[in-house]
Protein chains: 2
Amino acid sequence: MSARQVTLAEVARQAGVSLATASRVLNGSTRQVSDELRDRVLMTAEVLGYVANASAQALARNSSSLVGLVVHDITDPYFSSIAAGVTKVAEAAGLVVVLGTTGRTPGREAELLSTLRAHRARAVVLAGSRTTDRKAQARLASEIEAFTSLGGRIACVSQAKLGTDTVVPGNRAGARALARELAALGHKRFAVLAGPADLVVTRDRLAGFKAGLADAGLAAPTVIDGAFTRDGGYDAALELLAKKTKATCVFAVNDVMAMGAMAALRERGVRVPEDISIAGFDDIPTLRDTVPALSTVRLPLEEMGEQAARLVLDGGSDVPRTVRVAGEVVLRASTQSN
Amino acid sequence: MSARQVTLAEVARQAGVSLATASRVLNGSTRQVSDELRDRVLMTAEVLGYVANASAQALARNSSSLVGLVVHDITDPYFSSIAAGVTKVAEAAGLVVVLGTTGRTPGREAELLSTLRAHRARAVVLAGSRTTDRKAQARLASEIEAFTSLGGRIACVSQAKLGTDTVVPGNRAGARALARELAALGHKRFAVLAGPADLVVTRDRLAGFKAGLADAGLAAPTVIDGAFTRDGGYDAALELLAKKTKATCVFAVNDVMAMGAMAALRERGVRVPEDISIAGFDDIPTLRDTVPALSTVRLPLEEMGEQAARLVLDGGSDVPRTVRVAGEVVLRASTQSN
DNA sequence: AGCGTGGCGGAAAGCGCTTTCCAGCCCAGC
DNA sequence: GCTGGGCTGGAAAGCGCTTTCCGCCACGCT
């Protein structure tokens, strides 16, 4: 079973060169090695099937080839799209991505960051965060500090954290534009299914939407809070129905909530869009196959993941950088004029 | 910026004990340490914010806390569900999962395995594979051999590989049961949208479905091959329509293909289930929100991921083990009696 | 009293690699 | 002819941890 690993020393010995030379040929490229020795080393490495021990390299170099990726839930299309972008860029750079999931547990993010620090991950992409618990927040801040002070880089998607690089979607502007377009369809009364109030994303989208309605001279919407998930949308929609508002159009602050809401409406016999129009935000890939097709604000999710990965991998800068990506309103069958 | 890492030696010195003692307290638990020293060490470690360097530990112990997970496409709900199961178990065991995506590129799996070997990953879960290219196949086999001979464990989901542990869904039985139930609805003529013929999954499901039809005394279905993806299903459905078969019921060998097919049918004005019934396989989570709800064979995807992770993490056995999970036919709105 | 014995702390030898530093060597320049 | 400098190869000192081995001490037994 446990055959011993082929080591650099072995390659060096078989090739009749020193450890240093073998190392120089196979990894560190700063110095020149004569063609003859170089070939000998490469040959023997090939023959022996040598693969450098990444732990040893990390130890010697004091930096690993690991990139962390922290998400709440990898089955959520929003996160898996971002994950796809991050892995794409990381793998292209010859790095390895380690996936951590928080399950939306408050302290988990800090724990994961600590683990990542133990592994000397060279960078981390934090996708999705929250601003609840003050203590957890402080803990996270100190972990971020510890991580970066070791030379690691951190980028956040959508939610800025203490001077880290960030990729921020145009939540406010997107929601505002959406509101205006919906108003242009003739809707007068709106409802918003919002996520937890402590989530920056929720706040921005809600504020943007309200601003858009105000632009159109319309009244503020009925706002119903729910969890930031499909089931949260489902529950919020039921609550909305129970309230018997006159809203003819519903904006769910993200697509998964909108999907849940549509399911709830369907079950209750409320037709979309005939009885009520509905729109979401994000344009997750699964939207392609919903019926009716959901109106939304399109975000280039995978590209956002790529951007975040690039921010975190290209040298980095001293000042926190921000990459803004715009949302694009996409009206589909779930909204109709009123 | 680059503050130096708090090291074990530092903790030991501050606590006034030897390196060995500090190590024993904080990590290796075989030996006893007196309460007094133990407390001193724990205190100082706490105060200094000590986090063991995982690379150094991996090097010294010759085994890391990394678990590999290889999937084709993390945005595919099938894979992300499995990924969720794997990460759940791995994180509970205090391990870290590194995510590799192949993008269905032939040689990529072997490459990833090699990288994982370099990192001394203690185990790998291979979800989704294929049996095409003979050369890539051999390369993969030798990587698996290299990986396991170093003491690493490998488990596959759904597709067995050279004596590795495997979690196999009841593809054949599930498809067969599905065929019988569909036949019981009164359908006589069937079409199957199959994936690439070299995929074991495809073959098994197709064979099972045919067997089920035979059980019911029905003729063999029209079979159309396509890619194992949503777009593959879309294209295959178009091809099916072009053939103008008399099929009243379509079986797509997986759900994403079925979703694509439904999109194609919808676009062509073919109503589901009025004009044609359709069923898939897997029961991916997104199915909850499709209209009409898709009939399928339910597989406990997340649990399969958990099982695979457990297989690979619990000591392991000498003989390859197989965990079978049964599929359960779930008839929904996309199939109706004929 | 003499001598195992068991328990616990510490010294030190690695784990596999990188990288500094030094030793040759060859060539150019005075 | 000798010195200085540019190259290339090798010896060896770590990187931060684990773990073996040894030594010391306190006991308990004959």
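## Protein–DNA and chain A–chain B contacts

In chain A, α2 (19-26) and α4 (54-61) each supply at least two residues of the surface near DNA strand D, as do α2 (19-26) and α4 of chain B. The model is predicted. The largest share of this surface, 4 residues, comes from α4(B). By type, the residues near DNA strand D divide into 12 nonpolar, 9 polar and 6 charged.

There are 27 residues around DNA strand D; A:Arg31, A:Ser34, B:Leu8, B:Ser23 and B:Tyr50 come nearest. Of the strand's atoms within 4 Å of the protein, 59% belong to sugar and phosphate. Three atom pairs show phosphate and base contacts:

| Protein atom | Atom of DNA strand D | Distance |
|---|---|---|
| A:Ser18, backbone N or O | phosphate oxygen | 3.1 Å |
| A:Ala60, backbone N or O | base oxygen | 3.5 Å |
| B:Arg31, polar side-chain atom | base nitrogen | 3.2 Å |

Now the protein–protein interface. Chain A and chain B each bring 52 residues to the contact. Together they bury about 4400 Å², with 54% of that on carbon and sulfur atoms.

Between the two chains there are 6 salt bridges. A:Asp231 and B:Arg288 form a salt bridge, with their closest N and O atoms 3.3 Å apart. Polar contacts link 16 residue pairs across the interface, both residues at pLDDT 80 or more. On the chain B side, elements that each supply at least two residues include α5 (77-92), α7 (134-149) and α10 (230-243). That side divides into 22 nonpolar, 20 polar and 10 charged residues.

Strands also pair across the interface. Strand β2 (residues 96-101) of chain A runs antiparallel to β2(B), joined by 3 bridges. There, A:Leu99 stands opposite B:Val97.

How values were computed
Residues numbered from 1 in each chain as written. Chains lettered and ligands numbered in written order. Predicted model: local features only at pLDDT ≥ 70, side-chain atom pairs only at ≥ 80, totals over all residues. Heavy atoms only, no water. Contact = heavy atoms within 4.5 Å. Buried area = accessible area lost by both parts, 1.4 Å probe. Salt bridge = Lys/Arg side-chain N within 4 Å of Asp/Glu carboxyl O. Polar contact = N/O pair within 3.5 Å; in protein donor to acceptor, adjacent residues only side chain to side chain. Nonpolar A, V, L, I, M, F, W, Y, C, P; charged D, E, K, R; others polar. Pairing = 2+ DSSP bridges. Near = heavy atom within 4 Å.
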